[in-house]
Amino acid sequence: QDEEEEHDSDNSPENERNDGFLKRHAKNLLHFFVEDWFLSAALGIITAVLSIGTDIAIEYMLHLRIFLFETAHKWHQHAGALVWVGYITVSATLAALFCKAVAPQAVGSGIPEVKVIMHGFVLKNYLSAKTLLAKIVSLVLTLGGGFPVGKEGPFVHMGSIVANLLTQATESCRYNAFFSNEGRKMEMLSSGCAVGIACTFSAPAGGVLYGIESTSKYFAVKNYWRSFFATTCAAIVFRYLLTFVVSPKMAGTITAYYQTNFPNEVFVVEEIPLFVILGAICGLLGALFVFVNRRFAMAKEHGIYKKIFGNRPILLTAITTMLVGVITYPYGIGEFIAGKFTFRETLVDFVSNCTIFEADINSSIFCPEETINHWTGQSGNLHPGLTMCLYIFVYFFLVAHCVCMYLPTGIFVPSFVMGAAGGRLMGEIVALYFPYGIRGIGGPMIYPGLYAVVGAAAYTGAVTHSLSIAVIVCETTGQLCALLPVLIALMVANAVSSFLQPSIYESIILMKNYPYLTDLPPSRMSVHLLKVSKVMVTDLFYVYKKMTYSQLRKMLKDSPQIKGYPVVTDKESMHLIGSVSRKSLIVLLAAKLGPDPSLNYKTKRTPSEFFQSTIHSIRRSTIPNVLASDIFVERGSSGTDALINKENGASRARQGSDFVHTMPQSARRRLLETPISLDSATIDAAPFQLVKSTTLYKVHNMFSLLALNHAYVTERGRLVGVVSLKELRETFANIYVWGAQPPKRKIARIIKNSDEEREKFEEQLKNLREAHS
């Protein structure tokens with residue numbers, strides 16, 4: 001002991017030599033650069049390179065589309081129509097087939113899935129390299145063919161995949177706990193989301209804020225600088241490649257900047273009520289868009305589309321893209337909706353600092369003839385107001401339908417363009433009625449482009465429930481003079497929409513039945529009045545000290561869907577001691593009786609399986625399929641202790657197996673009736689607990705902040721029930737219409753602990769079946 005104390009004193013900071021001091025700090029400095037700077041920079045650089053490569057491929061395909069169409073149309077009009085419709089149909093169908101063959105996880109936006117992953121659930125293969133490949137190739141085919149969707153959702157997904165792959169690549173560096181830290185993985189995923197948005201709009205600051213808003217309920221401020229550094233690196237690489245690698249003509253089409261040239265006094269105080277009205281209209285339309293999109297998605301999964309197409313989503317996608325091609329054909333219906341032009345081209349028209357409508361005043365404010373021709377049709381006889389109204393109407397339903405297809409789709413850009421179209425229409429009408437401005441001659445003019453910018457931000461905020469769009473708008477337009485009207489309309493639209501409908505991302509999460517709690521809408525008194533005692537489940541399986549091995553085995557067989565059980569003192573007092581995982585109980589039973597194939601026992605288990613089984617739903621389910629399907633993996637807190645006992649448990653199981661095979665039946669029966677010993681089991685002594693009077697508002701906040709999936713309800717230490725994520729999701733399922741309501745209890749098959757009660761129940765059930773037959 002004296003030698004150990006002397007050795008410790010030699011290694012103390014006071015006795016540390018200069019060379020040891022320098023080596024230690026050099027190692028700390030190396031870790032600092034590798035951990036915090038290198039990974040963030042690599043994330044930004046790699047994502048920017050993938051982003052600009054994807055953009056270049058999309059632009060080449062769009063240029064090829066126009067070239068083939070114009071060439072065929074010069075030869076014959078029908079040939080032009082065939083090329084226009086066939087190009088988009090073939091490209092989108094190939095994209096859907098590629099997703100089906102390589103990675104079905106690449107379908108959709110990706111933001112809802114990333115949102116679920118960042119709240120504690122792992123979706124299988126959603127962050128894999130195969131998904132990244134499928135996302136890039138299918139996105140190029142989808143957008144290059146002219147399909148009316150955006151790219152910000154897929155880019156967010158791509159940034160998250162790059163962040164996950166970088167994290168996996170550094171996990172081999174086990175010398176530092178940083179690389180194997182679960183919290184660090186979430187930080188990298190958050191940075192990946194921000195980089196994806198930054199590469200879409202060339203907006204580093206707005207990308208960080210939007211990435212936080214769209215994927216995180218709670219965000220650690222200490223991680224801000226990593227996200228900003230990653231987006232800054234992405235923006236630098238993006239600009240460098242545009243300047244020195246991409247041709248000037250191509251760079252002009254790829255860049256996301258929509259520069260405006262409004263004067264400093266771009267609006268007057270009298271226009272603020274108009275911005276408020278515009279925000280309210282955008283809020284109502286945004287809520288309606290979410291509702292319509294959900295109806296289309298439900299029709300695809302359970303409605304008329306399901307009856308017609310069945311499990312053939314690629315066929316539905318091909319027919320939908322063919323319909324899109326017919327609607328946007330420039331010499332057909334597309335003549336009335338500017339169908340020949342992409343979202344980027346129409347957005348440039350909407351934010352332009354001129355007027356498209358005719359007026360009897362100074363012609364210098366008129367837009368160029370080329371811009372006006374976009375909205376007067378091929379013949380030039382259409383009124384721009386009619387064209388814009390039809391554009392908004394058609395694309396409102398077309399985009400709501402197209403984002404449900406079996407393709408990588410984004411909703412941000414289409415929403416931005418539709419909001420700009422609505423704002424531009426309102427601005428043109430105001431300018432028509434006030435040709436010299438609201439204050440008359442000598443006062444500031446009306447700028448329809450300003451209303452387009454305000455409408456774009458307000459409508460997109462209403463659809464996504466995000467306020468960071470104000471920053472993105474300022475970065476993309478390059479001006480701050482529109483910030484105040486943008487904020488006013490954006491907050492009004494967000495308030496109206498959030499009161500009526502969830503965001504588009506949370507709506508998708510609800511439709512796909514992901515284990516995720518949506519945000520509570522404002523001003524819902526039911527969440528403050530309803531207590532957890534009305535929601536909790538009281539019919540439980542549990543483990544107690546005097547439980548026999550026979551009862552334990554029967555309980556495990558009767559509850560195959562449950563991954564963990566509460567541990568109580570006895571059946572009378574029911575005082576909660578802790579919780580134990582199902583696999584720990586199976587190991588305990590196998591050590592005594594040998595492996596039981598009916599319990600799905602595995603002698604070799606991976607560390608991830610231990611983490612999956614620790615904290616889960618602790619209740620009796622009446623539905624064969626549990627909420628978390630086979631693609632979900634839930635994480636627990638006591639899995640580390642289970643991992644430590646892995647080898648000992650497996651060896652005891654093998655020894656028990658050899659022993660049981662040679663055991664007489666009489667001895668086996670006596671062994672089954674002996675009480676279990678929980679000394680070797682891994683028990684979580686501090687499970688999360690609530691009291692019966694806790695309001696659902698507090699429960700929602702706790703589950704969201706701590707990423708819980710269940711909590712025990714106790715009364716003076718006595719276990720009285722459990723509330724899980726499923727009960728909360730059922731309670732909040734119709735909160736926008738009916739408020740928070742307790743889930744309807746289904747008639748459950750009650751399984752008693754004693755054999756006599758079980759036999760009695762089975763006899764009653766048999767009699768009921770005979771009477772029914």
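The exercises below work through a predicted model, from overall make-up to single strands.

Residues are numbered from 1 along each chain as its sequence is written, and side-chain values use heavy atoms, with hydrogens and water left out. In this predicted model, local features need pLDDT of at least 70 and side-chain atom pairs count only at pLDDT 80 or more, while totals for chains, interfaces and linings use all residues.

**Exercise 1. Overall make-up**

Task: State how many helices and strands the protein has, and what percentage of its residues is buried.

Solution:
- Step 1. Count the elements. The protein has 31 helices and 9 strands. Helices (H or I, at least four residues) and strands (E, at least two) are DSSP runs, numbered from the N terminus.
- Step 2. Take burial. Of the 773 residues, 54% are buried. Buried means under 20% relative accessible area, exposed over 50%, and partly exposed in between, with a 1.4 Å probe and protein chains only.
- Step 3. Turn to contacts, meaning heavy atoms within 4.5 Å. Among contacts with a separation of 6 or more, 77% join residues 24 or more positions apart.
- Step 4. Add the surface. About 35800 Å² is exposed, and carbon and sulfur atoms supply 60% of it. Accessible areas come from the Shrake-Rupley method with a 1.4 Å probe; for residues, only the protein chains shown count as cover.

**Exercise 2. Nonpolar cores**

Task: Find which residues have the most contacts inside the largest nonpolar core.

Solution:
- Step 1. Fix the term. A nonpolar core is a set of buried Ala, Val, Leu, Ile, Met, Phe, Trp, Tyr and Cys residues joined through side-chain atoms within 4.5 Å.
- Step 2. Read off the largest core. It has 165 residues, and Phe289, Phe350, Leu450, Phe703 and Val723 have the most contacts inside it.
- Step 3. Set the other core beside it. Apart from the largest core lies another of 32 residues, among them Met555, Met574, Leu576 and Val722.
- Step 4. Inspect Phe350. Not counting residues up to four places away in sequence, Phe350 touches ten listed neighbours, including Trp375, Met388, Tyr391 and Pro448.

**Exercise 3. Strand S9 and its hairpin**

Task: Explain why strand S9 is described as largely enclosed.

Solution:
- Step 1. Count buried residues. S9 (residues 718–724) has 6 of its 7 residues buried, so the rest of the structure largely encloses it.
- Step 2. Find the partner. Strand S8 (residues 710–715) pairs with S9 in the antiparallel sense over 6 bridges. Two strands pair if DSSP finds at least two bridges between them.
- Step 3. Place one bridge. Val713 has Gly721 of S9 as its bridge partner.
- Step 4. Check the turn. The hairpin has 2 residues between the strands, and Arg716 takes a positive phi near 55°.

**Exercise 4. The four-stranded sheet**

Task: Give the strand order of the open sheet and identify its edge strands.

Solution:
- Step 1. The order is S2-S3-S4-S6, with mixed pairing.
- Step 2. The edges are S2 (543–544) and S6 (683–684), each pairing on one side only.
- Step 3. S3 (residues 564–568) runs antiparallel to S4, joined by 5 bridges. Val568 stands opposite Leu576 in S4.
- Step 4. S4 (residues 576–581) also pairs with S6, antiparallel over 2 bridges. Here Ser579 has Asp684 of S6 as its bridge partner.
- Step 5. S4 is mostly covered, with 5 of its 6 residues buried.

**Exercise 5. Helix H19**

Task: Decide how far helix H19 is enclosed, and what follows it.

Solution:
- Step 1. In H19 (residues 469–477), 7 of the 9 residues are buried, so the helix is largely enclosed by the rest of the structure.
- Step 2. Among these buried residues are Ile469, Ile472, Val473 and Cys474.
- Step 3. Gly478 follows H19, with a positive phi near 80°.
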